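Me: I am new to this structure and would like a close look at a single part of it, with a careful account of what surrounds that part. Please take me through one strand and the elements beside it.

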Amino acid sequence: MLREQVDRFTTPDGAQLRVGDSGDGTGGPTLVLVHGWSQDLRTWDRVVDDLRRTGFTGRILRYDHRGHGGSDAAAEGTATVGRAADDLAALIAERVPGGPLVLAGHSMGGMTLMALAERHPRLVADRVASVAFVATASDEMDELTLGLPGRRGRLVARGEHVLVPLTARLGHRAPPRQIGTIGRSREHAPRVRASLLAPGVRALVFGRHARRDDVLSVAEQALAAHPPSVAAFRASIGEHRRRGSLAALRGIPVVVLVGDHDRLCPQQRARDIADALPDARIVLLPGAGHMINLERSTEVAAHIAGLLAVPAAEAPTTTVIPQEDAGRVSA
C-alpha cells in the first residue's frame with residue numbers, strides 16, 4: 001500500500017487544514033476526495049484502500065474541512081459551503097497546479113463540489129475530467145425529517161431549526177480555537193465516548209449491515225469536529241441551493257451514488273442531481289444508508305475507478321438506474 005504523507009495547508013484567510021497526499025502522481029488524473037459534514041478525511045479510508053487494491057497508483061489528495069478533524073476551527077462567518085469550495089480551489093491551486101482532476105464528494109463534500117462549479121467555473125471547465133457525487137444533494141436540505149413520517153418528521157425539522165443556530169451562536173462567543181495538530185489531535189476521542197454515540201449513529205447514517213468499526217469511526221470523527229463550526233456548516237447546508245450550478249458539469253462523466261436507506265440525502269435528492277445532468281449515471285446501493293463510502297466501499301471505489309479509467313472489481317450488488325427511469329426513484 002502506498003504511504004500517505006500528512007501535512008498542513010494554509011488557506012488564504014489563514015486557516016490551517018490537514019491534508020493527506022499519496023500516490024506517484026505520474027500521469028493520469030489526480031483524485032481529490034472531499035468528506036462530508038461532521039466527518040474528516042478518514043471517511044475515505046476504505047475507498048482509498050479498495051482503489052489501491054485495484055492497482056491504482058495515481059495521486060490521491062484528501063483533506064479535512066475547516067472545523068473538522070485535524071484542521072483549525074472555522075472563524076465566525078467562515079463555516080459555509082461556499083467557503084469550503086474556496087478552500088478546495090486554493091488547495092488545488094497550490095498542491096495540484098496542473099493536470100486533470102477527478103473529484104469525489106460525500107454529503108457536504110458533494111455540495112462543496114457544486115459550490116466549486118458555481119464559484120470557480122474556469123477551474124472546473126479547464127481541469128475537471130469527471131465527478132462522483134456520493135450520498136449528497138443539490139438543494140432541499142433545510143427540512144430534514146430523517147425519514148420520519150407526519151408529525152414526528154415535522155418535530156425533528158423544527159427542533160433542528162432551533163438547536164443548530166443556538167449552538168453556532170454560543171460557540172462563537174469565544175475566539176476560534178485550533179482543533180488539533182498533525183501529531184496530536186482531538187480526533188483521537190476515547191473509544192468509550194464514541195461507543196455511547198454508536199447506537200444513534202448506526203440508526204441515523206447506516207443501513208442494514210453496518211460494521212461496528214465503521215460506526216465507531218463515524219462517531220469518533222464527529223467527536224473530533226468543532227461543535228460550533230459543525231452547527232454553522234449545518235445552517236449553510238440548509239441554505240444550499242445549487243441545482244443550477246450543475247450545468248457546468250454537463251459533457252463530462254458524472255456518477256451519482258445513493259443508498260436506498262439514506263435518511264439524510266434520500267433517493268429523491270440523487271434523482272434531482274440526475275435530472276440536472278441528463279447524461280449522469282445514477283446508481284442505487286440496496287440496503288445501504290448515508291455512509292456508503294464505508295458501508296459499500298468496494299462499489300463506491302469501483303465507480304470512482306471507472307471515472308479514473310483503471311481496472312476495477314465487478315460490483316454485483318450495484319443497481320444502475322437507467323436515466324429514463326430515474327424520475328421514478330422515490331425517497
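Reply: What follows looks closely at strand S3 and its surroundings, after a few words on the whole protein.

The model is a predicted one, and its secondary structure comes to 11 helices and 9 strands. Of the 331 residues in the protein, 57% are buried, and the accessible surface amounts to about 13800 Å², with 53% of that belonging to carbon and sulfur atoms. If one takes the contacts between residues at least 6 apart in sequence, 79% of them join residues at least 24 apart.

Strand S3, which spans residues 30-34, is mostly covered, since 5 of its 5 residues count as buried, that is, under 20% relative accessible area. In a regular strand the side chains alternate between the two faces of the sheet. In S3, Thr30, Val32 and Val34 point one way while Leu31 and Leu33 point the other way, and residues on both sides are buried.

S3 has strand partners to describe as well. With strand S5, residues 101-106, S3 pairs in the parallel sense over 5 bridges, and in this pairing Leu33 stands opposite Ala104 of S5. With strand S4, S3 also runs parallel, joined by 4 bridges, and here Val32 stands opposite Leu61 of S4.

The strands S3 and S4 belong, together with helix H1, to a right-handed β-α-β unit. Helix H1 covers residues 45-53, and Val47, Val48, Asp50, Leu51 and Arg52 are buried in it. These buried residues pack against S3 itself and against S4 (60-63), but also against strand S2 (16-22), helix H10 (292-295) and helix H11 (297-308). After H1 comes Gly55, which has a positive phi, near 100°.

To set beside this unit, there is also a pair of helices whose packing can be described. Two packed helices are described by the angle between their axes and the distance between the axes. For helix H2 (residues 81-95) and helix H3 (residues 108-119), the axes come within 8 Å and cross at roughly 75°, and H2 and H3 are therefore roughly perpendicular to each other. On the H2 side the contact is made by residues including Val81, Ala85 and Leu88, and on the H3 side by residues including Met108, Met111 and Leu116.

To return to the part you asked about, S3 is a buried strand that pairs in the parallel sense with S5 and runs parallel to S4, with the buried residues of H1 packed against it.

How values were computed:
Residues numbered from 1 in each chain as written. Predicted model: local features only at pLDDT ≥ 70, side-chain atom pairs only at ≥ 80, totals over all residues. Heavy atoms only, no water. Buried < 20%, exposed > 50% of the residue type's maximum accessible area, 1.4 Å probe, protein only. Helix = DSSP H or I, 4+ residues; strand = E, 2+ residues; numbered from the N terminus. Contact = heavy atoms within 4.5 Å. Areas by Shrake-Rupley, 256 points an atom, 1.4 Å probe, with all protein chains shown as cover. Pairing = 2+ DSSP bridges. Right-handed = clockwise from strand over helix to strand, strands pointing away. Axes fitted to C-alpha atoms, helices over the stretch in contact; angles between N-to-C directions. Parallel < 35°, antiparallel > 145°, perpendicular 65-115°, else oblique.
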